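Let us walk through this model step by step, beginning with what it means for a residue to be hidden and then turning to the elements themselves.

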Amino acid sequence: MTGQDEIPPFLYVVVCAAGIAADVGKLITAAREREWQVGVIATPTAMNGFFDTAAVAAATGRPIRSAWRRPGDPRPFPDPDAVVVAPATFNTINKWAAGIADTLAVGTLCEVAARGVPIGVLPCVSDDLAGHPAYQDSLIRLRGMGVRFGQPYQGAGGDEFGWERALDLVEPGRY
Ligand SMILES: Cc1cc2nc3c(=O)[nH]c(=O)nc-3n(C[C@H](O)[C@H](O)[C@H](O)COP(=O)(O)O)c2cc1C
């Protein structure tokens, strides 16, 4: 993706508490193969057993972030060149659209969207929840902010969760 002398671009991977998060290592591997440096920001709920945090931290070479740093501490990650949210839950999508920054994950998403950083989202939301009017309003609002969405995934029916599609959404010429 980059020339040999360039600094590798930095990707934030935001991980929410959906069952499919157990496979997020596939996304990390694909991103590293595409020459991204990766920093993972997980929601506090996602940190509670939804994926192998030790394995993912090892794969990125950085600690996973889930809480805000203390005042005076250095910023743990560089600014992102792109952000992917995979999997994205009903809860996080709605909070993001509403500007409720009560997790580092949502606070970060609110900030980077304002900076014009490309953001790709792979929702993992059941049909029942996706029919809630607040969710439909959230999608309209986030799309209006320039956020890019992959195909809906309900976690049933044997469909593959298209992890690499998250990268396609934010890489030049692939969206
Ligand atoms: C095993 C399990 C699987 C879940 N899968 C999903 C899911 O696929 N999509 C979703 O929106 N919520 C799912 N939830 C519910 C979320 O974890 C819950 O709404 C939580 O508040 C989301 O927090 P977060 O958005 O901060 O990660 C699941 C919960 C459990 C216990």
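A residue is called buried here when its relative accessible area is under 20%, and exposed when that value is over 50%. The model shown is a predicted one, and with this cut-off in hand we can look at helix α4, which spans residues 104–114. The buried residues of α4 are Leu 104, Ala 105, Val 106, Gly 107, Thr 108, Leu 109, Val 112 and Ala 113. Because 8 of the 11 residues of α4 are buried, this helix is largely enclosed by the rest of the structure.

What, then, covers the buried residues of α4? The covering elements include the strands β1 (10–15), β2 (37–42), β3 (82–88) and β4 (119–123), together with helix α3 (90–98). Just after α4, the chain reaches Gly 116, which takes a positive phi of about 80°.

One of those covering strands, β1, deserves a closer look. In a regular strand the side chains alternate between the two faces of the sheet. In β1, Phe 10, Tyr 12 and Val 14 lie on one side while Leu 11, Val 13 and Val 15 lie on the other, and all of them are buried, so that both faces of the strand are covered.

The strand β1 also has two partners to consider. With β2 it runs parallel, joined by 6 bridges, and within this pairing Val 15 of β1 has Ala 42 as its bridge partner. Between these two strands belongs helix α1 (residues 24–33), as β1, α1 and β2 make a right-handed β-α-β unit. With β3, β1 pairs in the parallel sense over 4 bridges, and here the bridge partner of Val 13 is Val 84.

Technical notes. Residues numbered from 1 in each chain as written. Predicted model: local features only at pLDDT ≥ 70, side-chain atom pairs only at ≥ 80, totals over all residues. Heavy atoms only, no water. Buried < 20%, exposed > 50% of the residue type's maximum accessible area, 1.4 Å probe, protein only. Contact = heavy atoms within 4.5 Å. Pairing = 2+ DSSP bridges. Right-handed = clockwise from strand over helix to strand, strands pointing away.
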